[in-house]
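Visitor: I'd like to go through this one label by label. Can you tell me what stands behind each word?

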Amino acid sequence: MRFRAPKNSFKAEKKANKALSHIAVNNIDRPDPQKTQKKRLVKDLAARRFMFGLTLLPGFLVFLILFGLLWKARAILAVKPLGRLLLSTTWKPSQGEFGMLPFLAGTLAVTVVAMVIAAPISLLAAVYLAEYAPRRMRNAVRPLIDLLAGLPSVVYGVWGVLMVVPLVERASRLFGTSSSGYSILAGGIVLAIMVFPTIIHVSLEVFSSVSRDLRDAALSLGATRWEVAKKVVLRKSSQGIVAAVVLGLSRAFGETMAVLMVVGNIPRVPKSLFDPGYPLPALLANNYGEMMSVPLYDSALMLAALVLLVVVLAFNVAARLFLSRVERRAT
Amino acid sequence: MRTPSGIRTNGNGRLSLLGRQSPSWWRRRKAQEVIFKALMIFSLLLVVGCLALIVATIVWKGLPALKLSMIFQTPRGGYYLGKEGGILNAILGSLYLAGGATLLALLLSLPIVLYLNIYAGRNSRTAEFIRFSFDVLWGVPSIVYGAFGFLLMAFIGLRTSLLAGMITVAMLELPIMSRAMDEVVRLVSRDLTDAAYSLGATRFETAVKVVVRQTLPGILTAVLIAFGRGIGDAASVLFTAGFTDRVPTSLLQPAATLPLAIFFQLGTPFPEVRERAYASAAVLTILILAISLISRAAVRRYSRHTIR
């Protein structure tokens, strides 16, 4: 009995040391502090090198994607000038005609419709959330908007087929034209809902960078809340608002599945809102299967992807530069 | 008379802020306030209403068509013509694919985020540049990731398979996960890391044993957000994962995914198959809602252990 007590306490101490081993440095499990210290430093250095290597990856990935697509698109660019490819309207891959104008026009039309609908609505909603809504309401609405952003695009597409397309068909009859409902307008409406969260999110962030003092000063001069919003907050964050809208725009530009399902996919330049269109991403998604069987087809599709990427990148980089300027001014 | 800023002067040319304005001026301002407030409330209701409408429509249309056999069976012959079977292949395929991709993305983004915030310094030039490139990557459309994944596949000699899909979706998830993680790791207080350093901990030990522990709820949220995005994305796996009626048993076999199953079922001319598309969409929506709820619950549960 007498001998067990110290043994037990030794065990307990060892156990305690093990439990604390992530904090304690000098414990009995580590007999040679110098050796362990060296080991720990080597580990630290190795981790540092490894992590640094990984960190370079995202920076390179953008260029890697650009370069890869360009490398693949080279084949068709060698045969035909870029200008002819982008501005010709005949798309007949089997005859070697790869005019992309109908697809560019389709993408552009859908995006413009989406932005005309989405920009004012989401900006107004964001102003309300930032300037009027009590904190509790803001905290309740934010997760809902995140949820809207998290819904898969296929779900938007199914919903578009179920609700928006029939609605547009009925509307087209009201306007005296006949349309199947699968149209630029349907695509634009679905897209608009998909970019609400992006614009609201970014502009909320921008509004919160406008200082409280400015608002208080305006209010103390007798301005109404709307006047504060219009003449102080919106004016002060105009650059950020442009960035928010541009980010939404680039999101809309590249969206594939939801639009593909409701826009009709007929390769003609659309003339009215009720005409079907054929956006660039839909072209890619619909033809991946047969692109290997026709010469130059795969190259043409990769060129389409490259065009898409370049446009989106340009929008994105511009918007982010704007935003970082807004951020810097705020701090 | 109006000064440029909109403040009126009275007849004598003296500034008057609130006094002696014509009643119509007051009325106009009041009306503007009321009108715009109404417009704003309407817009917000529209945005939230759209969410409710989408979820309600999908569930209302989908649930009646949903049978248990759909969830627990793989498609039999002629499923897409309206015969018996289910979409188990797509559900499992999506879970495998998104699971693998999320793991890959986590293995990449956790070290990157830790490096940015601990080794490079949270406001250093490297950190700024990498954040910027994440933002840019975040904006790249998923169809472009799909096309690039396809090129990459051809480059390393991979066929359409679960593995190729995982790699592509991991690229798509990387910026989403890293940005979400960076937001929380950035907020770890200086005092906490300083305390660890003062006890003699190396930066690596501080990163793994202090910072990761402290931000565990945030990291979990980031992982779940990325997982949800991975399950829902269709355009990127279209090129790379292929489609099959069987449940994949190895990384090199093609895999079906839920979004593509919905897309293909909706594309058939048979009404009963289209009904199944609605049902599958309901399954996908419920899955996404569940993930979102789980992440919220998990954050509440695990944030007990963080030091404030």
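Guide: Sure, let's begin with a pair of helices: α7(B) passes α8(B) in a right-handed crossing. Keep in mind that this is a predicted model.

Visitor: What makes α7(B) roughly antiparallel to α8(B)?

Guide: The axes of α7 (residues 190-198) and α8 (residues 203-214) of chain B cross at roughly 150° and come within 10 Å. Angles over 145 degrees count as roughly antiparallel, so that is the label for α7(B) and α8(B).

Visitor: Which residues make that contact?

Guide: On α7(B) they are B:Leu192, B:Thr193, B:Ala196 and B:Tyr197, and on α8(B) they are B:Thr206, B:Val210, B:Val211 and B:Gln214. By class, this contact has 5 nonpolar residues, 3 polar ones and no charged ones.

Visitor: Now across the chains. Why are α2(A) and α4(B) called oblique to each other?

Guide: Helix α2 of chain A (residues 33-79) and helix α4 of chain B (residues 125-139) have axes that cross at roughly 45° and come within 9 Å. Roughly parallel needs an angle under 35 degrees and roughly perpendicular needs 65 to 115. The value for α2(A) and α4(B) fits neither, and therefore the pair is oblique.

Visitor: What is the handedness of the crossing of α2(A) and α4(B)?

Guide: That crossing is left-handed. From α2(A), the contact takes in A:Thr55, A:Pro58, A:Gly59, A:Leu61 and A:Val62. The α4(B) side supplies B:Phe129, B:Ile130, B:Ser133, B:Phe134, B:Val136 and B:Leu137. The classes come out as 8 nonpolar, 3 polar and no charged residues, with Gly counted among the polar ones.

Visitor: How many residues of chain B are in contact with chain A?

Guide: 72 residues of chain B are in contact with 72 residues of chain A. Helix α1 of chain B (residues 23-62) gives the largest share of the chain B side, 19 residues. That side of chain B has 51 nonpolar, 12 polar and 9 charged residues.

Visitor: And what does the predictor say about the complex?

Guide: The predictor gives an ipTM of 0.87 and a pTM of 0.86. For chain B, the mean pLDDT is 85, and 92% of the residues reach 70 or more.

Visitor: Let's zoom in on one residue. How do you know that A:Val155 is buried?

Guide: A:Val155 has 24 other C-beta atoms within 10 Å. The cut-off for buried is 20 or more, so A:Val155 qualifies. It is found in helix α6 of chain A (residues 153-174).

Visitor: Which residues does A:Val155 touch, not counting those up to four places away in sequence?

Guide: A:Val155 touches B:Ile54, B:Ile58, B:Ala281, B:Leu284 and B:Thr285. Within chain A, A:Val155 and A:Ala258 are 103 residues apart in sequence, yet 7.6 Å apart in space, C-alpha to C-alpha.

Visitor: Why does A:Asn265 count as partly exposed?

Guide: A:Asn265 has 18 C-beta neighbours inside 10 Å. Buried takes 20 or more and exposed takes 12 or fewer, so A:Asn265 lands in between, as partly exposed. Its place is in the loop between α11 (257-262) and α12 (280-287) of chain A. Its phi is near 60°, a positive value in a residue other than glycine.

Visitor: And how much of chain A counts as buried?

Guide: Of its 331 residues, 45% do. The secondary structure of chain A comes to 13 helices and 2 strands. For contacts in chain A with a separation of 6 or more, residues 24 or more positions apart account for 74%.

Conventions. Residues numbered from 1 in each chain as written. Chains lettered and ligands numbered in written order. Predicted model: local features only at pLDDT ≥ 70, side-chain atom pairs only at ≥ 80, totals over all residues. Axes fitted to C-alpha atoms, helices over the stretch in contact; angles between N-to-C directions. Helix = DSSP H or I, 4+ residues; strand = E, 2+ residues; numbered from the N terminus. Left-handed = near helix turned anticlockwise from the far one by under 90°. Contact = placed C-beta atoms within 7 Å. pLDDT = per-residue confidence, 0-100.
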